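Student: Before we go through this structure, could we agree to argue each point from geometry and accessibility?
Tutor: Yes, let us look at it and take one topic at a time.

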Amino acid sequence: MTQHDAALNKVIQWYPGHMVRAMRKIGEYLKLIDIVIEVIDARAPRSDANPLLDELIGTRRRLVVLSREDLADPAATKAWIADFAARGRTAIAAEGRQQQSVSKILHALTAIAAERKGNSRAIVVGLPNSGKSSVINGLLRRSAARTEDRAGVTRQLQWFRLSPAIELMDSPGILVPKIESPESQWKLAMIGAVPRERYDPVEVVFHFHRWLVEQRKGRTEVPDLEAFGRARGFMRRGGEIDEHNAAQSYVRAFNEGAFGRISLEWPDGGSREHGA
Ligand SMILES: Nc1nc2c(ncn2[C@@H]2O[C@H](COP(=O)(O)OP(=O)(O)OP(=O)(O)O)[C@@H](O)[C@H]2O)c(=O)[nH]1
Ligand SMILES: [Mg+2]
């Protein structure tokens with residue numbers, strides 16, 4: 001294990017009490033639930049998946065929402081939708097904050113509910129900060145659920161009525177307690193699924209940029225931390241970079257799309273990005 005991998009390890013240990021309780025509650029509530037809407041960040045669908053949920057969901061109808069479509073590489077998102085379809089699952093790419101985009105989810109949900117008789121109850125689940133509450137607000141067409149650009153905002157399960165026939169439940173984000181791969185750790189930190197105080201942003205940015213250079217065979221205009229820090233004026237007296245603050249700003253810039261649309265994962269066998 002390198003020094004950089006060791007620094008990432010502490011991300012694994014983040015599994016606070018409210019997540020343990022939420023996971024247990026989701027398990028209890030699932031008896032009442034007919035449809036599971038899984039919100040997954042389109043930029044890292046592999047790291048974003050939650051195998052614990054797979055067990056709980058069992059044979060219930062499920063719908064995958066690939067959120068942050070606006071930040072992901074469109075070719076990767078297309079490949080992921082095909083990959084989900086090949087595994088018998090319906091995935092819809094959406095930008096949570098765009099009404100038009102969320103209406104695609106509404107159509108799919110209404111169609112599933114219409115196949116069933118009577119009331120349908122759907123729960124929205126996914127990793128912290130993946131965009132669950134935004135999807136709920138988009139579906140309800142009002143700001144009913146609180147949203148914020150950090151992980152761990154929704155703390156409790158909460159019901160919302162979408163239509164006479166459909167009820168929706170928002171739930172706290174749940175991070176898998178043990179993330180095995182160091183790759184997944186920096187990716188989850190980079191997409192905002194891990195609270196800022198739980199990781200060293202300098203390490204995360206280092207891993208991200210090294211990965212990007214490798215992916216693009218050395219050709220990328222996305223700055224490394226040093227170049228970014230200098231360009232944005234994160235300087236200390238003596239000409240050194242203020243690495244920590246620069247790295248936090250770097251992660252924010254990534255999530256604002258400042259480096260373009262970048263997907264961190266592609267399905268197995270899918271064609272990868274090549275140039276620029
Ligand atoms: N660019 C972009 N931002 C989004 C999208 N969906 C949500 N966001 C933003 O991402 C942040 C998190 O969204 P939330 O809806 O609060 O996420 P959540 O999954 O409910 O988060 P927790 O309750 O903390 O687990 C907010 O700042 C949203 O505005 C999207 O599709 N694109
Ligand atoms: Mg939420």
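Student: Is Leu-52 buried, partly exposed or exposed?
Tutor: This is a predicted model, and the judgement rests on its computed surface. The relative accessible area of Leu-52 is 30%. Buried would require under 20% and exposed over 50%, so with its value of 30% Leu-52 is partly exposed.

Student: Which helix holds Leu-52, and what distance separates its C-alpha atom from that of Ile-174?
Tutor: Leu-52 belongs to helix 4, which covers residues 51-57. Along the chain, Leu-52 and Ile-174 are 122 residues apart, and the separation of their C-alpha atoms is 9.6 Å.

Student: Is Arg-89 buried or exposed, and where is it placed?
Tutor: Arg-89 lies in the loop that runs between helix 5 (74-86) and strand 3 (90-93). Its relative accessibility is 18%, and because the limit for this class is under 20%, Arg-89 counts as buried.

Student: With which side chain does the side chain of Arg-89 make a polar contact?
Tutor: The contact is made between two side chains, at a distance of 2.7 Å. The cut-off for such a pair of N or O atoms is within 3.5 Å, and the partner of Arg-89 is Glu-38.

Student: Which class of accessibility does Arg-142 fall into?
Tutor: Arg-142 is located in the loop between helix 7 (132-140) and strand 5 (158-163). Its relative accessibility is 47%, and since exposed would need over 50%, Arg-142 counts as partly exposed.

Student: What is the separation of the C-alpha atoms of Arg-142 and Gln-99?
Tutor: These two residues, Arg-142 and Gln-99, are 43 residues apart along the chain. The distance between their C-alpha atoms is 9.9 Å.

Student: Where does ligand 1 sit, and how many residues surround it?
Tutor: Ligand 1 is found in the largest pocket. By class, its shell comprises five nonpolar, 10 polar and eight charged residues. Among the closest are Asp-70, Lys-132 and Val-153, and the number of residues that surround ligand 1 is 23.

Student: Which backbone atoms lie by oxygen atoms of ligand 1, and what percentage of its accessible area does the protein cover?
Tutor: A backbone N or O atom of Gly-96 is 2.7 Å from an oxygen atom of the ligand. Polar backbone atoms of Glu-148 and of Asp-149 each have a ligand oxygen atom at 3.3 Å. Of the 650 Å² of accessible area that ligand 1 has on its own, the share covered by the protein is 93%.

Note on methods:
Residues are numbered from 1 along each chain as its sequence is written. Chains are lettered from A and ligands numbered from 1 in the order in which they are written. This is a predicted model: local features need pLDDT of at least 70, side-chain atom pairs count only at pLDDT 80 or more; totals for chains, interfaces and linings use all residues. Side-chain values use heavy atoms; hydrogens and water are left out. A residue is near a molecule or strand if one of its heavy atoms lies within 4 Å of it. A polar contact is a pair of N or O atoms within 3.5 Å; within protein, one must be able to donate a hydrogen and the other to accept it, and residues adjacent in sequence count only if both atoms are side-chain atoms. Accessible areas come from the Shrake-Rupley method with a 1.4 Å probe; for residues, only the protein chains shown count as cover. On a 1 Å grid over the protein atoms alone, a cavity is a set of points where a 1.4 Å probe fits but cannot get out, and a pocket is an open set with protein on both sides within 12 Å along at least five of seven lines; lining residues have an atom within 4 Å of a point. A molecule sits in a cavity or pocket if more than half of its atoms lie within 2 Å of its grid points. Ala, Val, Leu, Ile, Met, Phe, Trp, Tyr, Cys and Pro count as nonpolar, Asp, Glu, Lys and Arg as charged, and the others, Gly among them, as polar. Helices (H or I, at least four residues) and strands (E, at least two) are DSSP runs, numbered from the N terminus. Buried means under 20% relative accessible area, exposed over 50%, partly exposed in between (1.4 Å probe, protein chains only).
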